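This report looks at how the helices of one chain pack, what its nonpolar interior is built from, and where its backbone takes less common values. The sequence and the structure come first.

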Amino acid sequence: MVLWHPLKTPIERKVSGHKKINAAPPLILCCSFLILIALGALALKLPFATNEPISWIQSAFTATSAVTVTGLVVVDTGSAFTPFGQGVIALLIQLGGLGLMTFAVVTLLALGNKVGFIQKTVTKAAFNQTDTSTLLSTAKSVLLFAIIVESLGVVILTLYWLPELGLQTSFFHALFYTISAFNNAGFALSPNSLMQYVDDPVINLTITGLFIIGGLGFTVLMDVYKSKRWAALSTYSKLMLISTVIINIVALVLIYVIEYDNPKTLQPLSEVGKWLAAWFQAVTPRTAGFNTIAIEELRNASTALTMMLMFIGGGSLSTASGIKVVTFVVLILATYSYLRRDKGVTVLRREIDKESVYKALALTLVSAGITWLAIFTLLIVEDAPFLDVAFEAVSALGTVGLSRGLTASLSPLGEFIIMFLMFMGRIGPLTIAYFLASPRSRKLRYPSAQLSIG
């Protein structure tokens with residue numbers, strides 16, 4: 001087994017046999033997700049999982065999209081799959097959203113087994129935390145919090161749909177949509193997502209509430225619960241909350257202004273309906289994947305804004321992906337500090353360490369590079385407009401699930417590219433980069449060199 005650290009080379013260790021396993025925690029996490037995707041694809045290929053037979057690549061694509069909590073689909077979830085198949089998708093979303101390591105740790109604790117150092121190291125990589133001692137409490141808190149929030153969502157949506165659908169159907173719909181929303185997956189049981197509820201306040205506020213809470217990150221939510229006061233919150237929590245509010249408000253106003261007189265989006269709605277639709281479209285790219293207005297009918301400015309929001313994503317240790325909000329903010333602060341010739345990067349009377357700045361830069365560059373390469377490759381293999389291809393690639397890497405209609409018409413090679421992007425977006429480009437980089441320590445230092453930049 002390999003004990004992995006981003007600044008150290010792997011160290012082999014003998015494990016309860018005579019063989020040595022050379023596998024770092026990032027690799028273990030990747031394999032765990034791949035195994036779950038494979039099992040999900042097998043389950044979805046069962047005859048009683050679908051109303052009509054689907055191909056292996058369609059089942060693999062659906063399983064990948066569910067495990068990576070993306071929401072991009074090549075077949076309609078509501079009509080192609082039976083209740084059993086839809087239940088499998090919901091289970092894959094829950095496992096992929098909360099993380100396999102959360103369930104593994106809680107299961108070990110429930111069985112009375114002691115979580116060892118190797119398991120803690122793997123879990124630390126999954127949670128992106130530096131303090132191993134808090135991992136067990138974190139895992140239990142994550143699961144408990146998810147159960148509480150999802151239970152509340154199920155109750156609200158069941159009561160809402162009860163008069164229309166009856167108890168059994170309304171409960172199943174409520175459970176599916178709650179799991180999909182809280183885990184920022186975007187899977188829907190209707191081919192037009194939630195467009196029929198474009199001006200419905202209950203659906204709009206409940207669904208957005210679920211995926212905003214899930215996208216904030218459990219670190220922030222637990223900090224708020226324990227601290228109770230703004231002054232007692234950590235710098236990260238304050239920065240995450242402030243940034244989320246600012247980004248959501250700015251996106252809301254921009255979507256409202258840009259789409260106000262668009263006859264294919266907001267114009268036919270009442271004033272309240274316009275604000276509800278603009279609100280939903282402003283927050284869903286972070287990275288929920290539901291939509292209440294037709295994405296392909298958005299004006300180019302709104303589409304560009306949506307792509308930016310998808311690339312940013314949500315919070316660390318959350319069900320959302322993307323480069324993360326604080327990563328985006330750190331890059332802006334670092335740029336501002338450099339332009340002012342400040343000696344360090346500061347925020348909220350705290351100085352951000354250089355390691356965080358380097359990590360933010362690396363993650364952004366890796367994500368941008370993967371996105372560009374995917375767009376370039378898709379433009380070669382797919383006969384589709386540039387905007388549709390770029391939107392699809394950003395949505396897949398950000399595990400958002402919004403689409404301009406390209407997913408259903410992708411070639412098999414195009415589907416594999418999107419599957420790869422969804423997987424990379426969920427596992428984390430920086431984790432992959434750390435694993436492939438094989439870092440090494442150098443005892444020799446070279447003289448500094450001045451380079452012309454810009």
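At what angle do helix 11 and helix 13 pack, and how far apart are their axes? In this predicted model, helix 11 (residues 235–259) packs against helix 13 (residues 300–312) at an angle of about 160°, and their axes are 10 Å apart. Because angles over 145 degrees count as roughly antiparallel, the two helices, helix 11 and helix 13, are placed in that class. Their crossing is left-handed. On the side of helix 11 the contact is made by Ile-247, Ala-251, Leu-254, Ile-255, Ile-258 and Glu-259, which meet Ala-301, Ser-302, Leu-305 and Leu-309 of helix 13. By residue class, this contact of helix 11 with helix 13 consists of 8 nonpolar residues, 1 polar and 1 charged.

A second helix pair is formed by helix 15 (residues 354–381) and helix 17, whose axes come within 10 Å and cross at roughly 170°. Helix 15 and helix 17 are therefore roughly antiparallel to each other as well. Here Ile-370, Ala-374, Thr-377, Leu-378 and Val-381 of helix 15 meet Leu-413, Gly-414, Ile-417, Ile-418, Leu-421 and Met-424 of helix 17. The residues of this contact of helix 15 with helix 17 divide into 9 nonpolar and 2 polar, with no charged residue.

Ile-418, one of the helix 17 residues in that contact, also appears in the description of the interior. The largest nonpolar core has 114 residues, and those that touch the most other members are Tyr-177, Ile-207, Phe-290 and Ile-418. Helix 17 (residues 412–427) supplies the largest share of this core, with 8 residues. In soluble globular proteins, nonpolar side chains tend to be buried together.

For the chain as a whole, the secondary structure comes to 18 helices and 4 strands. Of its 454 residues, 52% count as buried. Among contacts with a separation of 6 or more, residues 24 or more positions apart account for 67%.

Which residues does Arg-299 contact, leaving aside its neighbours within four places in sequence? They are Ile-258, Glu-259, Asp-261 and Asn-262, and of these Ile-258 and Glu-259 are also among the helix 11 residues that meet helix 13. Arg-299 itself lies in the loop between helix 12 (271–283) and helix 13. Arg-299 and Ile-255 are separated by 44 residues in sequence, while their C-alpha atoms are 9.6 Å apart in space.

Most residues other than glycine have a negative phi, and most peptide bonds are trans. Leu-348, which is not a glycine, nevertheless has a positive phi of about 50°, and Thr-399 likewise has a positive value, near 45°. Leu-348 is found in the loop between strand 3 (345–347) and strand 4 (350–352), whereas Thr-399 lies in the loop between helix 16 (386–397) and helix 17.

The relative accessibilities of the three loop residues discussed above are set out here.

| Residue | Relative accessibility | Class |
|---|---|---|
| Arg-299 | 32% | partly exposed |
| Leu-348 | 40% | partly exposed |
| Thr-399 | 0% | buried |

Since buried means under 20% relative accessible area, Thr-399 at 0% falls in the buried class, while Leu-348, with 40%, is partly exposed.

Key
Residues are numbered from 1 along each chain as its sequence is written. This is a predicted model: local features need pLDDT of at least 70, side-chain atom pairs count only at pLDDT 80 or more; totals for chains, interfaces and linings use all residues. Side-chain values use heavy atoms; hydrogens and water are left out. Axes are lines fitted to C-alpha atoms, for helices over the stretch in contact, and angles run from 0 to 180 degrees between N-to-C directions. Angles under 35 degrees count as roughly parallel, over 145 as roughly antiparallel, 65 to 115 as roughly perpendicular and the rest as oblique. A crossing is left-handed if the near helix is turned anticlockwise from the far one by less than a right angle, and right-handed if clockwise. Contact means heavy atoms within 4.5 Å. Ala, Val, Leu, Ile, Met, Phe, Trp, Tyr, Cys and Pro count as nonpolar, Asp, Glu, Lys and Arg as charged, and the others, Gly among them, as polar. A nonpolar core is a set of buried Ala, Val, Leu, Ile, Met, Phe, Trp, Tyr and Cys residues joined through side-chain atoms within 4.5 Å. Buried means under 20% relative accessible area, exposed over 50%, partly exposed in between (1.4 Å probe, protein chains only).
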